[in-house]
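Colleague: Could you take me slowly through one small part of this chain, and then show me how that part fits with what surrounds it?

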Amino acid sequence: MRRMKKDATYLGLPLFRSLNRSKDLHLLTERVLQRVKSWKSRLLSKAGRACLIQAVGSSMATYYIKGGNFLDIESRGSDSGMWKAVLQAQSILQKGLCRAIDASHGVSWVSQFILPNNRWNVDMVRDWFSHSDAHAILNVDLPEEDKEDFWIWLGENNGNFSIRSTCKLLKGGIPENDGIEIWKLIWHSPLHSRLKFLWWHLLRDALPTKGKLATILEGISDSCILCNEATESSLHLFWFCPFAKALWFQLGWSIRTELVNVQSWMQWTEWFKMDSNRPSSMSFSDFMAHTLCIVEGIWNERNRRLVGEKEMDILRVKDMIRLKTIDHIMVSSKAVPEILSWAPPPSSWLCCNSDVAISSSGSVLAAVFRDEWSNIIAIKTSMTNVNDPLLAEALAVCMAATEATSMGLNNIIFQSDNLNVVNEFQDQASPVFNIKIQCNFMAHNIAKWATCYKVSGRTSSDALPAALLDDLIEWNPGL
Ligand SMILES: [Zn+2]
């Protein structure tokens with residue numbers, strides 16, 4: 001028989017614990033670094049990182065208990081820090097652990113109420129217990145065969161231990177649907193999943209800001225890289241930082257962040273969920289789409305500066321965010337205010353709908369201007385050689401704008417049923433709104449009519465067939 005060396009290892013882990021714990025743990029550190037070397041953390045996805053943590057975690061030291069019950073073990077001064085930490089879980093486990101006992105050979109007095117055929121001794125149970133207790137006991141189903149005793153976790157209906165239910169227990173049994181509404185709001189919102197994920201991170205305050213990292217890692221400065229004036233918390237970075245403040249003011253409908261005094265993103269969400277606190281006529285989900293594009297833009301710039309890449313000035317960041325917002329709109333096509341049926345413009349405004357009729361030789365552009373009482377103020381048509389639909393649609397909006405200028409009109413809401421055109425005009429002072437093709441028939445019919453009769457220029461509505469001037473019904477030239 002050969003005596004093993006003190007530093008012998010088995011499956012890569014030290015077989016004997018030495019008094020020199022840092023030496024024992026050095027091996028663990030080496031293993032972690034070895035693994036991490038091949039995993040470029042910057043390139044890792046969230047799932048990849050979870051895998052890495054799991055892989056490294058499984059190589060950590062395992063402790064064995066001989067001849068004892070984990071719940072009864074008492075912590076001793078000489079125990080290692082890690083073992084002490086493990087023992088701290090005792091009190092947590094005791095909150096939800098329950099031992100399921102096989103009645104036939106378990107606690108003796110229970111077995112007295114059970115007949116040899118493994119059925120309750122009904123008479124005896126009724127004799128000994130109150131009516132309601134007896135009822136409850138007799139409702140306990142006895143197992144057909146002998147079973148080993150086993151542990152069950154009361155936190156979950158299936159009796160299996162879970163981190164989720166443990167958190168719930170520790171927080172003192174939060175009511176079932178606490179906070180669920182807010183998560184539903186996120187996951188059911190019409191946003192792109194990337195933005196939903198970002199929103200979720202915000203509300204959980206789960207982004208690794210410097211303020212957060214500095215509390216767990218030594219030698220990390222917690223100051224905001226964008227202003228160097230405050231601790232970088234997520235609320236500072238995306239809301240109170242002068243950099244964010246400027247972006248919100250310029251991009252976010254002149255919102256002044258310092259006037260919204262909130263302590264958390266939950267509070268922030270509650271504040272902006274109230275219709276009166278949002279820019280007028282903007283739905284909460286549209287607002288969140290813009291918000292998350294701003295948050296994403298700031299976070300990207302912050303990361304760029306953190307790794308020493310060239311700084312982008314705030315105007316550039318603003319443009320990037322604008323582009324991102326359009327990009328997002330293209331994906332979800334929900335963030336653009338979409339008009340589902342034609343409605344008159346607000347007082348002292350005009351609404352201009354435009355459309356085109358394409359033929360092999362070119363296209364006819366049409367625009368119709370209406371006022372707050374739905375009166376037709378002007379109709380304009382124009383023939384072009386363009387037969388590309390997107391270009392023609394864009395030209396129709398331009399023709400309408402030129403016509404408005406020549407008439408000396410200022411307050412105009414332009415509506416087009418072409419989403420690409422709408423997106424192209426987003427950056428302009430008067431954006432073009434998207435109207436569903438199903439309710440833009442008046443402009444469409446006028447273009448069709450002008451094609452049939454080769455009419456170009458300004459036209460009075462009196463000269464047009466009445467059937468043409470309908471928002472919802474297509475005009476048929478044959479009738
Ligand atoms: Zn800052």
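Modeller: In this predicted model, Ala 357 is buried, because 21 other C-beta atoms lie within 10 Å of its own, and the cut-off for calling a residue buried is 20 or more. Ala 357 sits in strand 6, which runs through residues 350-359. If we set aside the neighbours within four places in sequence, Ala 357 is in contact with Ser 363, Val 364, Ala 447, Lys 448 and Thr 451. One of these partners deserves a second look: Ala 447 is 90 residues away from Ala 357 along the chain, yet the C-alpha atoms of the two are separated by 5.3 Å.

Ala 447 also leads us to the wider surroundings, since the largest nonpolar core has 33 residues, and Ala 366, Ile 446 and Ala 447 touch the most other members of that core. The elements that give two or more residues to this core are strand 6, strand 7 (362-370), helix 17 (389-406), helix 18 (419-424) and helix 19 (441-453). A second, separate core has 28 residues, including Phe 240, Leu 251, Ala 289 and Leu 292.

Returning to Ile 446, and again leaving aside neighbours within four places in sequence, we find Ile 446 in contact with Ala 366, Val 368, Ile 379, Thr 381 and Leu 468.

For the chain as a whole, there are 19 helices and eleven strands, and buried residues make up 21% of the 479 residues. Among the contacts with a separation of 6 or more, 55% are between residues 24 or more positions apart.

Notes:
Residues numbered from 1 in each chain as written. Predicted model: local features only at pLDDT ≥ 70, side-chain atom pairs only at ≥ 80, totals over all residues. Helix = DSSP H or I, 4+ residues; strand = E, 2+ residues; numbered from the N terminus. Buried ≥ 20, exposed ≤ 12 C-beta atoms within 10 Å, placed from the backbone. Contact = placed C-beta atoms within 7 Å. Core = buried A, V, L, I, M, F, W, Y, C linked by C-beta atoms within 7 Å.
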